[in-house]
Amino acid sequence: MRAFLVPLVLLLCHLGEAKYTPSEDGSSDSLQCGIVSDLRDLRDMVVLQRAELSHTMAELQDTKTKVEGLKTENSVMESRLMSSERQLEAMKTENAAMVSRVTSTESEIEKLQRENAERPKAAFSTSLGKTGHHGPFNTATTVIYKNIFTNTGDHYNNATGSFTAPVRGVYHFSFTMGDFLQSTVMGLSLFKNEQQIIHSGEWGDHMQFRSASNAVILQLEVGDVVFMQLPANYRIYDDSNHRNTFTGILLFPI
(Lines give C-alpha, C1' and ligand atoms only; values in the text may rest on other atoms or scores of the structure.)
Protein backbone atom coordinates (compact mmCIF):
# COMPACT_ATOMS: atom_id res chain seq x y z
CA MET A 1 0.00 0.00 0.00
CA ARG A 2 2.79 2.42 0.89
CA ALA A 3 4.55 1.62 -2.41
CA PHE A 4 1.43 2.87 -4.24
CA LEU A 5 1.01 6.06 -2.23
CA VAL A 6 4.56 7.38 -2.66
CA PRO A 7 4.43 7.74 -6.52
CA LEU A 8 0.94 9.15 -6.20
CA VAL A 9 2.07 11.90 -3.82
CA LEU A 10 5.02 12.73 -6.06
CA LEU A 11 2.69 13.03 -9.01
CA LEU A 12 0.42 15.40 -7.13
CA CYS A 13 3.38 17.54 -6.12
CA HIS A 14 4.58 17.66 -9.69
CA LEU A 15 1.22 18.69 -11.00
CA GLY A 16 0.89 21.29 -8.31
CA GLU A 17 4.19 22.91 -9.39
CA ALA A 18 3.31 22.98 -13.12
CA LYS A 19 2.83 26.47 -14.55
CA TYR A 20 -0.37 27.39 -16.23
CA THR A 21 0.08 28.68 -19.83
CA PRO A 22 -3.13 29.71 -21.59
CA SER A 23 -3.48 28.55 -25.19
CA GLU A 24 -4.74 30.66 -28.00
CA ASP A 25 -7.68 28.45 -28.84
CA GLY A 26 -8.94 28.23 -25.21
CA SER A 27 -8.19 24.52 -24.87
CA SER A 28 -6.16 25.18 -21.74
CA ASP A 29 -9.29 25.78 -19.72
CA SER A 30 -10.59 22.36 -20.65
CA LEU A 31 -7.23 20.76 -19.81
CA GLN A 32 -7.12 22.51 -16.47
CA CYS A 33 -10.57 21.29 -15.58
CA GLY A 34 -9.59 17.71 -16.45
CA ILE A 35 -6.47 17.92 -14.32
CA VAL A 36 -8.40 19.25 -11.32
CA SER A 37 -10.94 16.48 -11.68
CA ASP A 38 -8.21 13.88 -11.83
CA LEU A 39 -6.56 15.38 -8.78
CA ARG A 40 -9.80 15.19 -6.87
CA ASP A 41 -10.24 11.60 -7.88
CA LEU A 42 -6.71 10.86 -6.80
CA ARG A 43 -7.30 12.64 -3.49
CA ASP A 44 -10.46 10.62 -2.92
CA MET A 45 -8.56 7.44 -3.72
CA VAL A 46 -5.86 8.42 -1.23
CA VAL A 47 -8.46 9.11 1.46
CA LEU A 48 -10.18 5.80 0.70
CA GLN A 49 -6.87 3.94 0.76
CA ARG A 50 -6.02 5.56 4.06
CA ALA A 51 -9.37 4.50 5.52
CA GLU A 52 -8.90 0.98 4.21
CA LEU A 53 -5.37 0.92 5.57
CA SER A 54 -6.59 2.10 8.98
CA HIS A 55 -9.32 -0.54 8.95
CA THR A 56 -6.81 -3.21 7.93
CA MET A 57 -4.42 -2.13 10.67
CA ALA A 58 -7.27 -2.26 13.19
CA GLU A 59 -8.18 -5.78 12.00
CA LEU A 60 -4.54 -6.83 12.25
CA GLN A 61 -4.35 -5.45 15.77
CA ASP A 62 -7.58 -7.25 16.71
CA THR A 63 -6.26 -10.46 15.19
CA LYS A 64 -3.00 -10.01 17.08
CA THR A 65 -4.94 -9.50 20.31
CA LYS A 66 -6.97 -12.64 19.64
CA VAL A 67 -3.79 -14.58 18.87
CA GLU A 68 -2.25 -13.39 22.15
CA GLY A 69 -5.43 -14.40 23.94
CA LEU A 70 -5.31 -17.84 22.34
CA LYS A 71 -1.65 -18.16 23.34
CA THR A 72 -2.57 -17.28 26.91
CA GLU A 73 -5.44 -19.79 26.93
CA ASN A 74 -3.16 -22.43 25.43
CA SER A 75 -0.56 -21.73 28.12
CA VAL A 76 -3.22 -22.08 30.84
CA MET A 77 -4.45 -25.32 29.28
CA GLU A 78 -0.90 -26.67 29.09
CA SER A 79 -0.36 -25.71 32.73
CA ARG A 80 -3.59 -27.47 33.72
CA LEU A 81 -2.62 -30.50 31.67
CA MET A 82 0.78 -30.66 33.36
CA SER A 83 -0.90 -30.31 36.77
CA SER A 84 -3.35 -33.10 35.89
CA GLU A 85 -0.47 -35.30 34.73
CA ARG A 86 1.35 -34.68 38.03
CA GLN A 87 -1.81 -35.51 39.98
CA LEU A 88 -2.23 -38.67 37.90
CA GLU A 89 1.34 -39.71 38.63
CA ALA A 90 0.80 -39.00 42.32
CA MET A 91 -2.37 -41.11 42.29
CA LYS A 92 -0.51 -43.91 40.50
CA THR A 93 2.25 -43.76 43.11
CA GLU A 94 -0.28 -43.77 45.96
CA ASN A 95 -2.18 -46.65 44.37
CA ALA A 96 1.04 -48.63 43.96
CA ALA A 97 1.85 -48.00 47.64
CA MET A 98 -1.65 -49.15 48.67
CA VAL A 99 -1.34 -52.29 46.53
CA SER A 100 2.03 -52.97 48.16
CA ARG A 101 0.54 -52.53 51.66
CA VAL A 102 -2.42 -54.77 50.81
CA THR A 103 -0.08 -57.41 49.40
CA SER A 104 2.10 -57.19 52.51
CA THR A 105 -0.97 -57.44 54.76
CA GLU A 106 -2.26 -60.46 52.83
CA SER A 107 1.15 -62.09 53.18
CA GLU A 108 1.13 -61.45 56.93
CA ILE A 109 -2.41 -62.86 57.21
CA GLU A 110 -1.41 -65.97 55.29
CA LYS A 111 1.64 -66.34 57.52
CA LEU A 112 -0.49 -66.02 60.67
CA GLN A 113 -3.00 -68.50 59.27
CA ARG A 114 -0.20 -70.99 58.60
CA GLU A 115 1.27 -70.43 62.05
CA ASN A 116 -2.17 -70.83 63.64
CA ALA A 117 -2.83 -73.99 61.64
CA GLU A 118 0.55 -75.41 62.68
CA ARG A 119 0.23 -74.23 66.28
CA PRO A 120 -0.60 -77.05 68.68
CA LYS A 121 -4.08 -76.86 70.16
CA ALA A 122 -5.13 -78.30 73.50
CA ALA A 123 -8.28 -77.48 75.46
CA PHE A 124 -10.79 -79.51 77.44
CA SER A 125 -13.79 -78.95 79.68
CA THR A 126 -15.48 -81.75 81.65
CA SER A 127 -17.83 -82.58 84.49
CA LEU A 128 -18.44 -85.69 86.65
CA GLY A 129 -21.33 -86.81 84.48
CA LYS A 130 -23.42 -88.48 87.18
CA THR A 131 -25.92 -87.47 89.84
CA GLY A 132 -25.21 -88.23 93.48
CA HIS A 133 -22.29 -88.40 95.89
CA HIS A 134 -18.79 -89.38 94.89
CA GLY A 135 -16.93 -90.70 97.94
CA PRO A 136 -15.90 -90.89 100.65
CA PHE A 137 -13.22 -93.55 100.07
CA ASN A 138 -10.63 -95.00 102.42
CA THR A 139 -7.76 -93.92 100.16
CA ALA A 140 -7.17 -91.00 97.86
CA THR A 141 -8.58 -91.63 94.38
CA THR A 142 -8.27 -89.98 90.99
CA VAL A 143 -11.49 -88.27 89.94
CA ILE A 144 -12.60 -89.37 86.48
CA TYR A 145 -14.75 -86.77 84.76
CA LYS A 146 -16.93 -88.67 82.29
CA ASN A 147 -18.95 -85.86 80.77
CA ILE A 148 -16.92 -84.01 78.11
CA PHE A 149 -18.02 -80.58 76.94
CA THR A 150 -15.02 -80.17 74.68
CA ASN A 151 -11.70 -81.96 74.15
CA THR A 152 -9.73 -80.18 71.43
CA GLY A 153 -6.76 -82.29 70.47
CA ASP A 154 -8.05 -85.27 72.51
CA HIS A 155 -5.40 -84.76 75.19
CA TYR A 156 -7.83 -85.42 78.08
CA ASN A 157 -8.45 -89.11 78.72
CA ASN A 158 -11.91 -89.78 80.14
CA ALA A 159 -10.88 -93.34 81.00
CA THR A 160 -8.13 -92.24 83.40
CA GLY A 161 -9.28 -88.69 84.21
CA SER A 162 -5.87 -87.23 83.32
CA PHE A 163 -4.66 -84.61 80.85
CA THR A 164 -1.32 -85.17 79.09
CA ALA A 165 0.59 -82.13 77.80
CA PRO A 166 1.22 -82.45 74.02
CA VAL A 167 3.86 -79.67 73.89
CA ARG A 168 6.10 -77.71 76.20
CA GLY A 169 4.09 -74.64 77.16
CA VAL A 170 2.06 -72.64 79.64
CA TYR A 171 -1.35 -74.05 80.58
CA HIS A 172 -4.31 -72.85 82.63
CA PHE A 173 -6.34 -75.27 84.78
CA SER A 174 -9.42 -74.73 86.94
CA PHE A 175 -11.91 -76.86 88.86
CA THR A 176 -15.17 -76.50 90.80
CA MET A 177 -16.95 -78.68 93.37
CA GLY A 178 -20.05 -78.82 95.55
CA ASP A 179 -21.72 -80.94 98.28
CA PHE A 180 -24.37 -80.96 101.01
CA LEU A 181 -22.28 -80.90 104.16
CA GLN A 182 -23.49 -83.35 106.82
CA SER A 183 -20.57 -83.73 109.19
CA THR A 184 -18.51 -84.40 106.07
CA VAL A 185 -15.50 -82.91 104.31
CA MET A 186 -15.67 -81.68 100.73
CA GLY A 187 -12.44 -81.08 98.82
CA LEU A 188 -10.25 -81.73 95.76
CA SER A 189 -6.55 -81.52 94.98
CA LEU A 190 -4.94 -80.78 91.59
CA PHE A 191 -1.83 -82.82 90.83
CA LYS A 192 0.96 -82.40 88.31
CA ASN A 193 2.47 -85.84 87.84
CA GLU A 194 2.90 -86.98 91.48
CA GLN A 195 3.06 -83.48 92.97
CA GLN A 196 0.06 -81.80 94.59
CA ILE A 197 -0.16 -78.24 93.28
CA ILE A 198 -3.32 -76.75 94.85
CA HIS A 199 -6.17 -77.88 97.13
CA SER A 200 -9.63 -76.51 97.95
CA GLY A 201 -12.21 -77.84 100.39
CA GLU A 202 -14.66 -77.21 103.23
CA TRP A 203 -15.94 -79.03 106.31
CA GLY A 204 -19.28 -78.60 108.04
CA ASP A 205 -22.46 -80.17 109.42
CA HIS A 206 -24.92 -77.34 108.73
CA MET A 207 -26.90 -79.43 106.22
CA GLN A 208 -26.46 -76.80 103.52
CA PHE A 209 -25.02 -76.98 100.05
CA ARG A 210 -21.55 -75.51 99.73
CA SER A 211 -19.33 -74.95 96.67
CA ALA A 212 -15.67 -74.15 96.08
CA SER A 213 -13.30 -73.56 93.16
CA ASN A 214 -9.67 -72.90 92.36
CA ALA A 215 -7.36 -72.29 89.37
CA VAL A 216 -3.67 -72.31 88.50
CA ILE A 217 -1.31 -71.60 85.59
CA LEU A 218 1.43 -74.19 85.06
CA GLN A 219 4.41 -74.58 82.79
CA LEU A 220 4.41 -78.17 81.53
CA GLU A 221 6.84 -80.29 79.59
CA VAL A 222 5.80 -82.74 76.90
CA GLY A 223 4.20 -85.76 78.58
CA ASP A 224 3.47 -84.10 81.93
CA VAL A 225 0.18 -85.33 83.41
CA VAL A 226 -2.39 -83.22 85.28
CA PHE A 227 -5.35 -84.75 87.14
CA MET A 228 -7.74 -84.19 90.07
CA GLN A 229 -7.63 -86.27 93.25
CA LEU A 230 -10.29 -86.81 95.91
CA PRO A 231 -8.48 -87.15 99.28
CA ALA A 232 -9.32 -90.06 101.57
CA ASN A 233 -12.59 -89.61 103.50
CA TYR A 234 -13.65 -86.65 101.32
CA ARG A 235 -16.69 -86.54 99.12
CA ILE A 236 -18.29 -84.37 96.42
CA TYR A 237 -21.75 -84.17 94.89
CA ASP A 238 -22.95 -83.58 91.33
CA ASP A 239 -26.20 -83.42 89.40
CA SER A 240 -27.57 -82.10 86.11
CA ASN A 241 -26.25 -78.63 87.00
CA HIS A 242 -22.65 -79.90 86.52
CA ARG A 243 -21.39 -78.54 89.83
CA ASN A 244 -18.08 -80.44 89.64
CA THR A 245 -15.94 -79.50 86.64
CA PHE A 246 -12.34 -79.80 85.48
CA THR A 247 -11.03 -77.52 82.72
CA GLY A 248 -7.66 -76.90 81.06
CA ILE A 249 -6.27 -75.01 78.07
CA LEU A 250 -2.89 -74.42 76.42
CA LEU A 251 -2.21 -70.68 76.61
CA PHE A 252 0.91 -70.72 74.42
CA PRO A 253 3.78 -73.07 73.58
CA ILE A 254 7.34 -72.20 74.66
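Lys66 and Asp62 lie four residues apart in helix α2 (residues 27-118), so about one helical turn separates them. In this predicted model, the side chains of Lys66 and Asp62 meet in a salt bridge, with a distance of 3.4 Å from N to O. Lys66 is exposed, at a relative accessible area of 54%, whereas Asp62 is partly exposed, at 39%.

The structure holds five salt bridges. Another of these joins the side chains of Asp44 and Arg43, at 3.6 Å from N to O. Both partners fall in the partly exposed class: Asp44 has a relative accessible area of 42%, and Arg43 has one of 49%. A further salt bridge is formed between the side chains of Asp239 and Arg243, at 3.0 Å from N to O. Here Asp239 is buried, with a relative accessible area of 15%, while Arg243 counts as partly exposed at 28% relative accessibility. The value for Asp239 places this residue in the buried class because the cut-off is under 20% relative accessible area. Side chains of opposite charge can pair when their charged atoms come close.

Aromatic contacts were examined next. A pair of aromatic rings is described by the distance of the centres and the angle of the planes. Eleven aromatic pairs are present in the structure. In one of them, Phe124 and Phe163 are stacked, with 5.2 Å from centre to centre and 25° between the planes. Phe124 belongs to strand β1 (residues 123-127) and Phe163 to strand β6 (residues 162-164), so this pair ties together parts that are 39 residues apart in sequence. Phe124 and Phe163 are both buried. A second pair, Tyr145 with Phe246, is tilted, at 5.6 Å from centre to centre and 40° between the planes. This pair links distant parts of the chain: Tyr145 sits in the loop between β3 (141-142) and β4 (147-152), Phe246 sits in strand β13 (residues 245-253), and the two are 101 residues apart. Tyr145 and Phe246 are likewise both buried. Ring pairs also connect residues into a cluster made of Phe124, Tyr145, Tyr156, Phe163, Tyr171, Phe173 and Phe246.

Two members of this aromatic cluster, Phe173 and Phe246, recur in the nonpolar interior. The largest nonpolar core has 26 residues, of which Phe173, Leu188, Leu190 and Phe246 touch the most other members. Two or more residues of this core are given by each of β7 (169-180), β8 (184-192), β10 (209-220), β11 (225-230) and β13. The largest share, four residues, comes from β7. In soluble globular proteins, nonpolar side chains tend to be buried together.

Among the strands that contribute to the core, β11 was considered in more detail. Five of the six residues of β11 are buried, so this strand is largely enclosed by the rest of the structure. Its pairing partners include β3, β6 and β8. Strands β3 and β11 run antiparallel and are joined by two bridges; within this pairing, Thr141 has Leu230 of β11 as its bridge partner. Strands β6 and β11 also run antiparallel, joined by three bridges, and Thr164 is partnered by Val225 of β11. Strand β8 pairs with β11 in the antiparallel sense over four bridges, and the bridge partner of Leu190 in β11 is Met228. Leu190 is also one of the core residues that touch the most other members. Strand β6, in turn, carries Phe163 of the stacked pair with Phe124.

Nonpolar side chains are found on the surface as well. Ile217, Ile249, Leu251, Phe252 and Ile254 form a nonpolar patch with about 420 Å² of accessible area together. Strand β13 gives the most to this patch, with three residues. Phe252 lies in β13 and is partly exposed, with a relative accessible area of 39%. Phe246, by contrast, lies in strand β13 and is buried. Strand β13 therefore gives residues both to the largest nonpolar core and to the surface patch, with Phe252 assigned to the partly exposed class because its 39% falls between the 20% and 50% cut-offs. In a regular strand the side chains alternate between the two faces of the sheet.

Methods: Residues are numbered from 1 along each chain as its sequence is written. This is a predicted model: local features need pLDDT of at least 70, side-chain atom pairs count only at pLDDT 80 or more; totals for chains, interfaces and linings use all residues. Side-chain values use heavy atoms; hydrogens and water are left out. Rings of Phe, Tyr and Trp (its six-membered ring) pair if their centres lie within 6.5 Å; planes under 30 degrees apart count as stacked, over 60 as edge-to-face and the rest as tilted. Buried means under 20% relative accessible area, exposed over 50%, partly exposed in between (1.4 Å probe, protein chains only). Patches are made of residues with over 30% relative accessible area and no salt bridge: like charges are joined within 9 Å, nonpolar side chains (Val, Leu, Ile, Met, Phe, Trp, Tyr) within 5 Å. Accessible areas come from the Shrake-Rupley method with a 1.4 Å probe; for residues, only the protein chains shown count as cover. A salt bridge is a side-chain nitrogen of Lys or Arg within 4 Å of a carboxyl oxygen of Asp or Glu. A nonpolar core is a set of buried Ala, Val, Leu, Ile, Met, Phe, Trp, Tyr and Cys residues joined through side-chain atoms within 4.5 Å. Two strands pair if DSSP finds at least two bridges between them.
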